[in-house]
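Thanks for making time. I will go through one structure, and I will keep to what can be computed from the coordinates.

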Amino acid sequence: MTSSNSRIGIIDTGAGNLASLQAAVERAGRIAVRLKTPQLDGIDQLIIPGQGRFGPVMQTLEERQWLPALSSWFKNDQPLLGICVGLQVLFDASEEDPGVRGLGFLRGEVRRLHSPKQPMMGWAPVVFDSGNDEPNGDAYFVNSFVVPSAQEAIAWTQYGERFCAVVRVGTWTACQFHPEKSGAYGATLLDRWLVK
């Protein structure tokens, strides 16, 4: 992949294994910077990583002063990528932790996935809406909760029920699966979704 001087800030939510994501960002030719607090000078794009539970992730974001920073980032349409729970916290709330407010940038509630097994763990097809130029493929999922439907959804997955696989608003993209663990398909998407 072509190298770039783009600096990608990976938010340390205190929950996820950031090493695999950092390695994937670096394989994509970008500079990965782990951020515990919003030190955003020189950062071109933020990632809210996957792994972790809705409530504790929101608690960490609040304790580390990320809520006003992300609000400003959203208002200015600066690029962001959300992964797994990093997609879920963009919404209003989650059945996983009733009473905990999400970031609320997108309207809706995260629901328990009605699936053959819990958690959903493994590969599943990602199908983008027709007219979208993103490629379809198989991606790796680890989750028990999903967004069943959203106005901002651009791709879908079926596992027991149909749910949002990717949402997009402005320069923000978020996916329920883990592109950093999705082999060549995930690497292709990361290269498309990370700013150059």
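Asp-12 is buried, at a relative accessible area of 17%. This is a predicted model, so that value, like the others I give, is computed from predicted coordinates. What does Asp-12 pair with? Its salt-bridge partner is Arg-64, with 3.8 Å between the closest N and O atoms. Arg-64 sits in the loop between α2 and α3, and Asp-12 in the loop between β1 and α1, so this pair ties together parts that are 52 residues apart in sequence. Arg-64 itself is partly exposed, at 24% relative accessible area.

Just along from there, Gln-65 follows α2 and has a positive phi, near 65 degrees. Which residues of α2 are buried? They are Phe-54, Gly-55, Val-57, Met-58, Thr-60 and Leu-61. These buried residues pack against β1, α3, α4 and β5.

Staying with charged side chains, the salt-bridge count is 10. As a general point, oppositely charged side chains can pair when their charged atoms come close. Arg-111 takes part in two of the pairs I want to show. One is with Glu-95, at 3.1 Å from N to O. Arg-111 lies in strand β6 and Glu-95 in the loop between β5 and β6, so this salt bridge ties together parts that are 16 residues apart in sequence. Both residues are partly exposed, with relative accessibility of 36% for Arg-111 and 34% for Glu-95. The other pair is Glu-109 with Arg-111, at 3.7 Å from N to O. Glu-109 is also partly exposed, at 31%. Elsewhere, Asp-133, Glu-134, Arg-168 and Arg-192 are joined into one network by salt bridges that share partners.

Now the sheet. It is open, it has 9 strands, and the pairing is mixed. Reading across, the order is β2-β1-β3-β4-β12-β11-β10-β7-β8. β2, residues 31–35, and β8, residues 137–143, are the edge strands, each pairing on one side only. On average, neighbouring strands are turned by 25 degrees against each other, with direction ignored.

Which helix packs on this sheet, and what does it touch? Helix α5, residues 183–193, packs there and touches β3, β4, β7, β8, β11 and β12. Its direction makes about 55 degrees with that of β7.

A few pairings in detail. β3 and β4 pair in the parallel sense over 3 bridges, and Ile-47 stands opposite Leu-81 in β4. β4 is also joined to β12, with 4 bridges, and those two run parallel. Within that pairing, Ile-83 has Cys-175 of β12 as its bridge partner. By contrast, β10 and β11 run antiparallel and are joined by 6 bridges. Tyr-159 stands opposite Glu-161 in β11.

In a regular strand, side chains alternate between the two faces of the sheet. In β4, Leu-80 and Gly-82 point one way, whereas Leu-81 and Ile-83 point the other way. Are these four buried or exposed? All are buried.

On to the nonpolar cores. The largest has 33 residues, and those with the most contacts inside it are Leu-46, Leu-70, Leu-90, Phe-91 and Val-167. The elements giving two or more residues to this core are β2, β3, α2, α3, α4, β10, β11 and β12. Leu-70 is worth a look on the display. Leaving out residues up to four places away in sequence, Leu-70 touches Ile-11, Leu-46, Ile-48, Leu-61, Leu-80, Leu-103, Phe-105 and Trp-172. Apart from the largest core lies another, of 32 residues, including Ile-8, Met-120, Cys-175 and Leu-189.

Cys-175 brings me to the last item. How many disulfides does a search of the whole structure find? The result is 0. Why does Cys-84 not form one? The closest cysteine sulfur to that of Cys-84 belongs to Cys-175 and is 8.5 Å away, too far for a bond, given that the cut-off for a disulfide is 2.5 Å between sulfur atoms. Seen from the other end, the closest cysteine sulfur to that of Cys-175 is the one in Cys-84. Both cysteines are buried, Cys-84 with a relative accessible area of 6% and Cys-175 with 0%.

That is what I had; I can put any of these residues back on the screen.

How values were computed: Residues are numbered from 1 along each chain as its sequence is written. This is a predicted model: local features need pLDDT of at least 70, side-chain atom pairs count only at pLDDT 80 or more; totals for chains, interfaces and linings use all residues. Side-chain values use heavy atoms; hydrogens and water are left out. Two strands pair if DSSP finds at least two bridges between them. Axes are lines fitted to C-alpha atoms, for helices over the stretch in contact, and angles run from 0 to 180 degrees between N-to-C directions. Contact means heavy atoms within 4.5 Å. Buried means under 20% relative accessible area, exposed over 50%, partly exposed in between (1.4 Å probe, protein chains only). A nonpolar core is a set of buried Ala, Val, Leu, Ile, Met, Phe, Trp, Tyr and Cys residues joined through side-chain atoms within 4.5 Å. A salt bridge is a side-chain nitrogen of Lys or Arg within 4 Å of a carboxyl oxygen of Asp or Glu.
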